[in-house]
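Biologist: I would like to know what stands behind each label. Show me the model, then I will ask.

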Amino acid sequence: MSQTSLKQKKKNETGSRNSKDSLDTEKRKDSEKSGVRLSTQGSQELSLPKTDSRGYVVRNQWSRTSRSPSTRAPSVDEPRSKNTSLKLPSSSTTSRTSSTSPSQQESLKQLSEEPSPPTPPLPSTPPMPLDSHPPTPPEPFSSSRRSTKMHENPEAWAQGILREIRDSRDSMPQRDYPRTPPTEWKAYIQRRSTYSSQLDQDCLSELPRQHHQREEEEDEDEAYWASPKPKNAITIAVSSRALFNMVDGRKIYEEEGLEKYMEYQLNNENVILTPGPAFRFVKALQHVNARLRELYPSEQDLFDIVLMTNNHAQVGVRLINSVNHYGLLIDRFCLTGGKSPIGYLKAYLTNLYLSADSEKVQEAIQEGIASATMFDGAKDMAYCDTQLRVAFDGDAVLFSDESEHIAKEHGLDKFFQHETLFENKPLAQGPLKGFLEDLGRLQKKFYAKDERLLCPIRTYLVTARSAASSGARVLKTLRRWGLEIDEALFLAGAPKGPILVKIRPHIFFDDHMFHIEGAQKFGTITAHVPYGINQKMNN
């Protein structure tokens with residue numbers, strides 16, 4: 001071979017080697033640029049993590065083989081979303097190679113024919129350890145507008161959702177529900193102000209509110225019910241066993257069960273029930289209503305009797321037949337079908353609850369409702385039909401049991417000293433103080449018409465206190481309350497039964513079962529008030 005050809009060959013080899021090295025350098029630069037671009041793009045996308053429809057961050061499953069050697073591995077603190085999957089720079093390199101000049105393409109053909117020296121490997125990134133938490137599979141991407149907004153700007157999307165919820169909540173009409181009366185001894189007048197007389201406007205039709213208010217005012221001016229309206233009434237809740245004698249049915253219920261009891265009542269629904277212990281008291285209340293309407297034709301501050309019983313609704317037919325037979329004006333019934341009716345007492349704004357079930361009475365007392373357990377008297381005793389007569393014990397009935405605490409714990413001598421020392425300090429109120437206030441308010445309506453001597457209501461205080469040692473504090477307490485008692489009898493520990501026979505009250509309230517049993521022996525209708533220290537000592 002000639003020297004010229006050798007020089008030409010060396011020259012060609014040198015050019016091809018230089019062109020090959022330049023191509024390798026371009027490839028390396030392109031890959032580095034692509035990697036930088038992709039990593040920059042990935043960091044931009046990672047700053048806004050993708051969330052699913054519930055607001056949770058969607059993480060993609062990362063593997064060792066999916067990482068490109070030209071990209072950096074994400075740190076542990078970065079959220080891993082599927083947008084961080086990177087493309088290899090082979091496609092970009094191919095596209096750049098296709099745009100090279102013709103001379104470079106001929107050099108590449110020559111290089112492909114000749115064996116090329118090995119290319120040094122690119123530096124690879126060490127694999128990252130797998131996440132200690134199990135990866136969460138991504139949810140399918142939704143093509144809806146809401147999902148698009150969520151993925152584009154999740155923070156703005158979340159704030160928009162919160163704004164919508166807040167606006168919808170603020171735009172909802174606020175209901176003004178009546179509050180439950182507090183569990184303390186308050187009269188009906190005191191409790192009535194806590195209940196709204198307005199109707200629930202949310203439950204009304206689309207008629208204007210003024211139209212409903214005008215109808216409500218017209219209804220108040222129109223003819224009243226046979227029994228007074230609830231919001232102006234002195235509500236007396238009476239159980240069926242207190243109003244009528246249901247001993248036979250009760251015996252069947254206790255011995256044979258509920259189904260036999262129901263069958264018995266259905267078979268005898270046309271049989272009129274005989275009067276119970278509260279029957280004469282209810283008749284006397286209705287006589288007071290009749291006298292008030294004679295003097296005040298539009299009067300609504302009257303007694304309203306509610307039959308409150310846990311009997312089944314089917315038993316109500318016999319109760320209705322018996323009520324109509326005796327001419328009782330009881331329009332409101334509450335038959336709870338075996339459930340305790342105590343929960344309905346506050347809903348009916350009950351001022352006094354009378355029952356033959358001592359457990360229900362105790363439950364009502366604990367709820368702050370004046371209650372008593374009824375005991376029947378003599379059947380042949382003559383009661384006044386033209387005057388309601390109500391007799392009260394003092395301590396733990398009209399007044400609190402604070403004085404009885406001293407008598408039980410320190411004896412009568414300390415009790416007398418205490419009452420003398422605090423003679424001018426009023427006693428705290430007891431469970432039946434509110435009912436005495438109701439009676440006094442109605443009495444004043446008759447006094448205003450010059451009917452004091454013919455008043456159909458008469459009240460009595462029958463107490464075991466001594467007038468000389470502890471009677472002054474009682475009378476001064478009533479005076480401080482603005483209440484009048486028609487007759488006050490201080491017995492100084494003597495039995496109450498003989499005195500009650502002379503009074504013949506329609507009901508006598510006492511907290512001592514000793515006095516209740518003693519009055520029963522003389523035929524007096526009694527009502528036990530389970531309140532105060534005596535109940536704790538008996539239990």
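Modeller: Start with a cut-off: buried means under 20% relative accessible area. By that rule Phe-399 is buried, and so is Trp-481. Keep in mind that this is a predicted model.

Biologist: What makes the ring pair of Phe-399 and Trp-481 tilted?

Modeller: Ring centres must lie within 6.5 Å to pair, and planes neither under 30 degrees nor over 60 degrees apart count as tilted. Here the centres are 5.5 Å apart and the planes stand at 40°, so the pair is tilted. Phe-399 sits in the loop between strand 8 and helix 14, and Trp-481 in helix 17, 82 residues apart. Trp-481 has another partner: Lys-433 lies over its face, 4.8 Å from the ring centre.

Biologist: Why is the pair of Phe-279 and Tyr-326 called edge-to-face?

Modeller: The count of aromatic pairs comes to nine. In this one the ring centres are 5.0 Å apart and the planes are at 70°; over 60 degrees counts as edge-to-face, so the label follows. Phe-279 belongs to helix 11, while Tyr-326 is in the loop between helix 12 and strand 5, 47 residues apart.

Biologist: Why does Phe-279 count as buried, and why does Tyr-326 count as partly exposed?

Modeller: Phe-279 has 10% relative accessibility, which is under 20%, so it is buried. Tyr-326 has 23%, between the 20% and 50% limits, so it is partly exposed.

Biologist: How do you know that Ser-322 is buried?

Modeller: Its relative accessibility is 0%, under the 20% limit, so it counts as buried. Ser-322 lies in helix 12. Its side chain reaches the backbone nitrogen of Leu-273 at 3.1 Å. Beyond its sequence neighbours up to four places away, Ser-322 touches Phe-244, Val-271, Ile-272 and Leu-273.

Biologist: Which residues of helix 15 are buried, and why do they line one face?

Modeller: They are Phe-415, His-418 and Glu-419. Down the helix axis they fall within an arc of 95°, so they line one face. The face turned away from that side carries exposed Asp-413 and Leu-421. Helix 14 and helix 17 are among the elements that cover the buried residues.

Biologist: What makes Arg-473 and Glu-419 a salt bridge?

Modeller: The limit between nitrogen and carboxyl oxygen is 4 Å. The closest N and O atoms of Arg-473 and Glu-419 are 3.1 Å apart, and they form a salt bridge. Arg-473 lies in helix 17 and Glu-419 in helix 15, so the pair ties together parts 54 residues apart in sequence. Both residues are buried.

Biologist: How do you know that Glu-423 and Lys-476 meet in a salt bridge? And why is each partly exposed?

Modeller: Their N to O distance is 2.8 Å, within the 4 Å limit. Glu-423 is in the loop between helix 15 and helix 16, Lys-476 in helix 17, 53 residues apart. Glu-423 has a relative accessible area of 25% and Lys-476 has 29%; both values fall between 20% and 50%, so both are partly exposed.

Biologist: What about Arg-452 and Glu-484?

Modeller: Their side chains meet in a salt bridge at 3.8 Å, N to O. Arg-452 is partly exposed at 48%, and Glu-484 is partly exposed at 44%. Elsewhere, shared partners join Asp-395, Glu-402, Glu-419, Arg-465 and Arg-473 into one salt-bridge network.

Definitions and conventions: Residues are numbered from 1 along each chain as its sequence is written. This is a predicted model: local features need pLDDT of at least 70, side-chain atom pairs count only at pLDDT 80 or more; totals for chains, interfaces and linings use all residues. Side-chain values use heavy atoms; hydrogens and water are left out. Buried means under 20% relative accessible area, exposed over 50%, partly exposed in between (1.4 Å probe, protein chains only). Helices (H or I, at least four residues) and strands (E, at least two) are DSSP runs, numbered from the N terminus. The arc is that of the directions from the helix axis to the C-beta atoms. Contact means heavy atoms within 4.5 Å. A polar contact is a pair of N or O atoms within 3.5 Å; within protein, one must be able to donate a hydrogen and the other to accept it, and residues adjacent in sequence count only if both atoms are side-chain atoms. Rings of Phe, Tyr and Trp (its six-membered ring) pair if their centres lie within 6.5 Å; planes under 30 degrees apart count as stacked, over 60 as edge-to-face and the rest as tilted. A charge sits over a ring if NZ of Lys or CZ of Arg is within 6 Å of the ring centre and within 35 degrees of the ring normal.
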